There are 2 protein chains.
Amino acid sequence: LPRDIILALDAMGGDHGPETVLEGAEKARSRVPGTRFLLFGDESRITAALAKWPKLAEQSEIRHTDKEILGTDKPSQALRRGRDSSMGLAIAAVKDGDADVAVSAGNTGALMAMAKFILRTKPGIDRPALVSLLPTARGESVMLDLGANTESSAENLVQFAVMGAAFAKTVLGLDHPKVGLLNIGVEELKGTEEIKEAGQLLKQANLPMDFAGFTEGDRITQGEVDVVVTDGFTGNVALKTAEGTAKLIAELMRRAFKSSIWSKIGYLFARHGLRSLQDHLDPNNHNGAVFLGLNGLVVKSHGGANAVGVATAIGMAIDLAADDILTHIAEGLKEFEGQVDLVEAVGAQ
Amino acid sequence: LPRDIILALDAMGGDHGPETVLEGAEKARSRVPGTRFLLFGDESRITAALAKWPKLAEQSEIRHTDKEILGTDKPSQALRRGRDSSMGLAIAAVKDGDADVAVSAGNTGALMAMAKFILRTKPGIDRPALVSLLPTARGESVMLDLGANTESSAENLVQFAVMGAAFAKTVLGLDHPKVGLLNIGVEELKGTEEIKEAGQLLKQANLPMDFAGFTEGDRITQGEVDVVVTDGFTGNVALKTAEGTAKLIAELMRRAFKSSIWSKIGYLFARHGLRSLQDHLDPNNHNGAVFLGLNGLVVKSHGGANAVGVATAIGMAIDLAADDILTHIAEGLKEFEGQVDLVEAVGAQ
């Protein structure tokens, strides 16, 4: 059985305040009852919100701070003034070994900057990556980097592949995840030099994954691969474009179902069936972006997530900590480094 | 009134053969009756298909060739052996002044390579770009580059902005299109050096467009800007991701409406309303990617397009030729070059 996890929770992050964050924690707690929570933020607000969840209160310890990071704070401001904020203290708890993982629904840029500064990059990793799940026709796939970096070298992309495979193993339960490099065509001649070189390295290395070569934007949502590896610029644009497209279609559907009395009646008949579509696409059911590659685990919950979404992100954080994903990543990288002669051979081509 | 256009049509390109291509030409012809067609391809097949469309036949001239570019041909093979194919001859007709614009539904890579080789890049343009329309919540937006190049400099991006604005003027009828640079955030500090520099150049130049700064992936489909400017790698991934997401949702909707007898009944009531959604998202209604920046116009119709889709692409080709978009682009670039001191000033910062 996995050991009980101590989770550092930034109770102040997110658009809906501590009430939603704590309701999410309660939902996650009832699924993984052994979890203990360190709750960072305003003590009086947290205590008031906890009154509704006595079991959660029993398993929680409040760490008061009246400072919080605002959505408008720049990463540099957060670094200068935010170390003793609810977000900064939650990350520091992971660094100090008081907690196994930190979760925050606050400002992404501030969270990335502070996590990187406080926890530092793991040995063997040059750059951390932001990893998340996205819905596909076959279930869910893992995608990284979603914006921790602007540009990525071939080595960065290889490290992302190793981290993404470990993530898929833990979160999707896949022993040999299928990993693809996002490109603008599947032929070996296509793409930037970095991507072509990363493709060569991954093809020739013998890593615990099924490297499927290049994949394309329209194949992501088909679930063709379990792990989509790309640089942070492209990944960020692709993820946001997918979100925007889903939002556009939802809006057009709303208009369509409101366009006449017949459509409204049709909606009443079909709504139960349509709920499974909504559930599958609901971002709350795929919530949780993980900042991987640091000496400690930090999970970002979407600022707009509801309690179900917060619970999804907290559940992911518990799984990653219980499965000790950082050790799996270190092992994967060691395996890759053990094949360094091969890497040099490819580099010399 | 615009002058009559002569259109060079690769009758052999596309997945559905000359019959669909010519049915599309007939649909476009009935809308713009003065257009004349040069039909490149197998004379007997074209003649047989034209029997159904006597008016189109009257306005057409068949240019026989028994060579055609296959979907599996590589760009290099097309360049070596494809000059006298239906695609190669259609492009050559534009170069020789026999036609105002060429349209093909054939192999994209081959078309781009041959168009670039035969027509050459326009003076003042360093790299051509692939431009297309995409559906948004407000109608349609223009996006470029969709994959003509893998990487783009700041100057390339500025040229794409000028070309995209001219395209929006012609195709969407906008005098002062709102132009945005695709980035991973709207703050000026975000993004690659190329994007930041392009943003500075466009902000300080006084061009016939409303430069809106940076835009993000989730804002594309909202129609926040009329023209989305990006490098060919990101643009290709974003477009394909949007297509893939739309396909995923369509598949989930099909499953939802089939999930029970109630959903099926609901679909019957709502299907008229849902048709407007389908129409808005149907790629056939936005078909036509234009290869801009060459000494001549080449339009790519999607290989899988039906006759309506082919007609959309041909209609776009006619509009672009009638409006003389290449002259507009040259004027826009001249205006930008006239501000070259400013550019140097920015570069020296």
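Biologist: Taking copies to be superposed by least squares on the C-alpha atoms of residues with pLDDT of at least 70 in both, what turn and shift lay chain B on chain A?

Modeller: A turn of 180° with a shift of 0.0 Å along the axis lays chain B on chain A, and the RMSD is 0.0 Å. The two copies are thus related as by a two-fold rotation axis. Before going on, please keep in mind that this is a predicted model, in which local features need pLDDT of at least 70 and side-chain atom pairs count only at pLDDT 80 or more, while totals for chains, interfaces and linings use all residues. Residues are numbered from 1 along each chain as its sequence is written, chains are lettered from A and ligands numbered from 1 in the order in which they are written, and side-chain values use heavy atoms, with hydrogens and water left out.

Biologist: Which C-alpha of chain B is nearest the axis?

Modeller: That is the C-alpha of B:Gly266, which lies 1.8 Å from the axis. As for the surface, where contact means heavy atoms within 4.5 Å, 100% of the contact residues of chain B recur in chain A, and the same surface serves both copies.

Biologist: At what angle do H11(A) and H11(B) pack?

Modeller: Both helices cover residues 261–281, and they pack at about 145° with their axes 7 Å apart. Helices (H or I, at least four residues) and strands (E, at least two) are DSSP runs numbered from the N terminus, whereas axes are lines fitted to C-alpha atoms, for helices over the stretch in contact, with angles running from 0 to 180 degrees between N-to-C directions. The crossing of these two helices is left-handed; that word applies if the near helix is turned anticlockwise from the far one by less than a right angle, and right-handed applies if it is turned clockwise.

Biologist: And which residues of H11(A) meet H11(B)?

Modeller: A:Trp262, A:Ser263, A:Ile265, A:Gly266, A:Phe269, A:Ala270 and A:Gly273 do, and they meet B:Trp262, B:Ser263, B:Ile265, B:Gly266, B:Phe269, B:Ala270 and B:Gly273. By class, this contact has eight nonpolar, six polar and no charged residues, where Ala, Val, Leu, Ile, Met, Phe, Trp, Tyr, Cys and Pro count as nonpolar, Asp, Glu, Lys and Arg as charged, and the others, Gly among them, as polar.

Biologist: How does H10(A) pass H11(B), left-handed or right-handed?

Modeller: Right-handed; the axes of H10(A), residues 232–258, and H11(B) come within 8 Å and cross at roughly 150°. From H10(A) the contact takes A:Leu248, A:Ile249, A:Leu252, A:Met253, A:Ala256 and A:Phe257, while the H11(B) residues include B:Leu274, B:Leu277 and B:His280. The residues of this contact divide into ten nonpolar, two polar and no charged.

Biologist: Changing topic, is B:Gln278 buried, exposed or partly exposed?

Modeller: B:Gln278, which is found in helix H11 of chain B, counts as partly exposed at 42% relative accessibility. For these words, buried means under 20% relative accessible area, exposed over 50%, and partly exposed in between, with a 1.4 Å probe and protein chains only.

Biologist: Why is H7(A) largely enclosed by the rest of the structure?

Modeller: Because 15 of its 19 residues are buried. H7(A), residues 154–172, reaches 26 Å from its first C-alpha to its last, close to the 27 Å expected at 1.5 Å a residue, the expected span being 1.5 Å times one less than the number of residues. Just after H7(A), A:Gly173 takes a positive phi of about 70°.

Biologist: What about H5(A), how many of its ten residues are buried?

Modeller: Eight of them, which leaves H5(A) mostly covered. One of these is A:Ala90, with a relative accessible area of 1%, and A:Ala90 touches A:Ala8, A:Asp10, A:Phe40 and A:Ala102, not counting residues up to four places away in sequence. The buried residues of H5(A) pack against several elements of chain A, including strand S1 (6–10), strand S2 (36–41) and helix H6 (108–119).

Biologist: Which residues does a cis peptide bond join in chain A?

Modeller: A:Leu144 and A:Asp145, with omega about -5°; A:Asp145 is found in the loop between strand S6 (139–144) and H7 of chain A. In chain B, a cis peptide bond joins B:Leu144 and B:Asp145, with omega also about -5°.

Biologist: Last one: what is the phi of A:Asp324?

Modeller: Phi of A:Asp324 is near 55°, a positive value in a residue other than glycine. A:Asp324 lies in the loop between helix H12 (307–322) and helix H13 (325–337) of chain A, and at 37% relative accessibility A:Asp324 counts as partly exposed.

Note on methods:
Least-squares fit on C-alpha atoms with pLDDT ≥ 70 in both.
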